[in-house]
Amino acid sequence: MNLHAVAIRNLIGPLWAAHERSPYLRHYSRLKQTQFEGKDRVEADQLQKLKRLLIHANETVPFYRKRFADAGFDPANFQSRAQLEVVPVLTKSEIRTVGRALISEAYRDRPDLRRKTTSGSTGVSLEVWVDEEAMQFKRGCTLRCDEWSGWRFGEPVAMVWGNPDYLKHGWRGRLRNGLLERACYLDTLKMDEATMARFADDLVRRPPSLIFGHAHSVYLFAAFMRQHRTGSIRPRGIITTAMVLHDWQRQVIEAEFSCKVTNRYGCEEVSLIACECEKHEGLHVNTDGQYVELIRDGRPVGPGEPGSIIVTDLVNHAMPLIRYQVGDVASWAGRPCSCGRTGMPLLARIEGREADYVTTRRGELISGISLTENFAMLVPGIEQLQIIQESLERFTFRIVRGPDYGPSSDARIQELAAERFGDDVAYDCEFVERIPPELSGKYRFCISKVPNAFSMSALTEIS
Ligand SMILES: [Zn+2]
């Protein structure tokens with residue numbers, strides 16, 4: 001660790017936190033100590049936090065008071081986490097409809113509530129308000145997981161991200177970035193050969209200890225490096241987030257940077273949900289901040305079975321999110337991680353978004369990720385592919401062709417489409433130069449416009 005990093009860790013960081021009146025570094029120190037606590041202790045702690053939240057929501061949010069009463073749920077008698085299953089899941093469309101009425105009466109007039117917005121896959125924005133205490137606690141949780149990657153607080157960071165955050169805060173943002181965060185940005189909304197070359201130059205000149213970014217964008221950058229400047233950047237950690245990380249992307253990234261990828265999962269509304277540790281055996285649920293359930297057709301799923309991710313935010317009391325359906329699918333590993341953090345259960349993998357599941361006419365549900373991977377692997381000459389299910393019997397394949405693409409590729413697509421979706425489906429191939437990211441800077445490789453077993457509850461809500 002160099003001198004600047006040591007200074008940030010021991011001096012600038014704590015001073016800046018004191019100036020901001022933020023306790024996040026204290027949270028972080030405590031969370032580092034408690035991360036190895038046993039399962040029973042963690043579950044008891046979660047139960048207590050849940051109960052406090054449920055009673056608070058019942059007392060200060062009329063929406064929940066009615067919801068609990070309708071479900072015959074009494075927070076005062078809450079004793080086991082399974083009791084929560086009678087409370088209906090909270091969908092994005094409900095949050096949109098109910099809006100500010102979800103804010104606790106005890107917090108409504110507070111001037112320091114932080115507004116979080118997400119664009120969402122539908123392009124309709126969602127607003128969530130978070131109280132300052134919760135924000136700082138979440139910051140501590142995130143920092144703890146950042147360090148699981150091998151990076152240490154204070155060391156320089158290479159960010160592969162859309163809309164650099166510090167630019168929104170004028171000179172203060174720049175100063176803070178220069179002194180404290182030390183991040184160099186590659187804006188994922190302007191990623192091309194020229195911007196990647198400039199970014200690579202910057203990183204060679206000022207080597208980052210951490211590369212942090214959208215999974216696919218970090219992959220694109222790794223592929224660029226492999227082609228043009230291979231071996232010139234050697235970070236201690238790489239964190240990918242915000243979208244599903246494919247195994248083939250992980251391989252390219254790890255090979256180019258000679259460094260393990262730490263994959264993580266979270267969303268703007270509740271922040272970090274799960275993260276890989278230094279053992280990379282799955283993603284540990286951030287049990288200090290959230291209670292996570294995986295369900296399908298309203299019931300908890302067993303290990304290895306994909307289930308819709310339902311999150312209860314244990315720390316945000318300003319706008320309680322109780323059994324919030326995030327819109328993604330994951331599966332439990334069903335075994336502890338060898339790191340010893342037994343209180344933080346492992347997700348085997350993030351399967352993708354609910355809306356990325358393709359439903360076939362035979363009623364099968366196929367994960368969009370495996371589907372895209374499967375096509376990309378088996379069809380010769382495909383550089384990139386996006387599968388869009390327009391209806392049960394109609395698909396669009398958006399394809400970036402490589403030099404090997406030819407008539408045999410067309411024939412293979414036809415075979416695979418019949419095999420996976422049935423003989424009678426129709427499809428169009430659209431050949432494009434590139435597959436653009438969404439407005440958020442993230443990429444989607446499979447989009448289904450057909451409702452499925454995971455997204456059903458959300459859609460019932462809309463209709
Ligand atoms: Zn672990």
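How much area does the protein chain expose, and what share of it do carbon and sulfur atoms supply? The protein chain exposes about 20800 Å², and carbon and sulfur atoms supply 51% of that area. Please keep in mind that this is a predicted model.

**The chain as a whole**

Let us start with the overall picture. The protein chain holds 13 helices and 20 strands. Its C-alpha trace spans about 65 × 60 × 40 Å along the principal axes. For 463 residues, a compact globule would have a radius of gyration near 23 Å, and the protein chain agrees with this because its own value is 23 Å. Buried residues account for 53% of the 463 residues. Of the contacts between residues at least 6 apart in sequence, 67% join residues at least 24 apart.

**The sheet**

Next comes a sheet to trace by eye. It is an open sheet of 12 strands with mixed pairing, in the order 4-3-5-6-7-8-9-14-13-12-10-11. Strand 4 (183-187) and strand 11 (299-300) stand at the edges with a single partner strand each, so one side of each has no neighbour in the sheet. Helix 6 (residues 132-147) packs on this sheet, touching several strands, including strand 5 (210-214), strand 8 (271-276) and strand 12 (307-313). The direction of helix 6 makes about 20° with that of strand 8. Helix 9 (residues 215-228) lies across strand 3 (157-161), strand 4, strand 5 and strand 6, and runs at about 125° to strand 5.

Strand 8 is a good place to pause, since six of its six residues are buried. A hairpin of three residues joins strand 7 to strand 8, while the hairpin of strand 8 and strand 9 has six residues between the strands. In that second hairpin, His-280 takes a positive phi near 55°. The table lists some antiparallel pairs of this sheet.

| Antiparallel pair | Bridges |
|---|---|
| Strand 7 and strand 8 | four bridges |
| Strand 8 and strand 9 | three bridges |
| Strand 9 and strand 14 | two bridges |

Some individual partners can be picked out too. Arg-264 stands opposite Cys-275 in strand 8, and Glu-276 stands opposite Leu-283 in strand 9. Leu-283 in turn has Leu-347 as its bridge partner in strand 14.

**The nonpolar cores**

Leu-347 appears again in the interior. The largest nonpolar core has 54 residues, and Tyr-64 and Leu-347 have the most contacts inside it. Beyond its neighbours within four places in sequence, Tyr-64 is in contact with Ala-57, Asn-58, Leu-90, Leu-102, Pro-320, Leu-321 and Ile-322. Another core of 28 residues lies apart from the largest one, and among its members are Leu-203, Phe-224, Ile-233 and Phe-445.

**Two buried residues**

Where is Leu-321 found? Leu-321 is in the loop between strand 12 and strand 13 (324-332). Leu-321 counts as buried because its relative accessible area is 0%. Not counting residues up to four places away in sequence, Leu-321 touches several residues, including Tyr-64, Ile-95, Val-128, Glu-269 and Val-270. Leu-321 and Thr-372 are 51 residues apart in sequence, and their C-alpha atoms are 33 Å apart in space.

Lys-138 is found in helix 6. Is Lys-138 buried or exposed? With a relative accessible area of 6%, Lys-138 is buried. Leaving aside neighbours within four places in sequence, Lys-138 is in contact with Val-130, Val-270, Ser-271, Gln-290, Asp-313 and Val-315. Val-270 and Asp-313 are also among the residues that Leu-321 touches.

Conventions
Residues are numbered from 1 along each chain as its sequence is written. This is a predicted model: local features need pLDDT of at least 70, side-chain atom pairs count only at pLDDT 80 or more; totals for chains, interfaces and linings use all residues. Side-chain values use heavy atoms; hydrogens and water are left out. Two strands pair if DSSP finds at least two bridges between them. Contact means heavy atoms within 4.5 Å. Axes are lines fitted to C-alpha atoms, for helices over the stretch in contact, and angles run from 0 to 180 degrees between N-to-C directions. A nonpolar core is a set of buried Ala, Val, Leu, Ile, Met, Phe, Trp, Tyr and Cys residues joined through side-chain atoms within 4.5 Å. Buried means under 20% relative accessible area, exposed over 50%, partly exposed in between (1.4 Å probe, protein chains only). The radius of gyration is taken over C-alpha atoms; the globule rule is 2.2 Å times the number of residues to the power 0.38. Accessible areas come from the Shrake-Rupley method with a 1.4 Å probe; for residues, only the protein chains shown count as cover.
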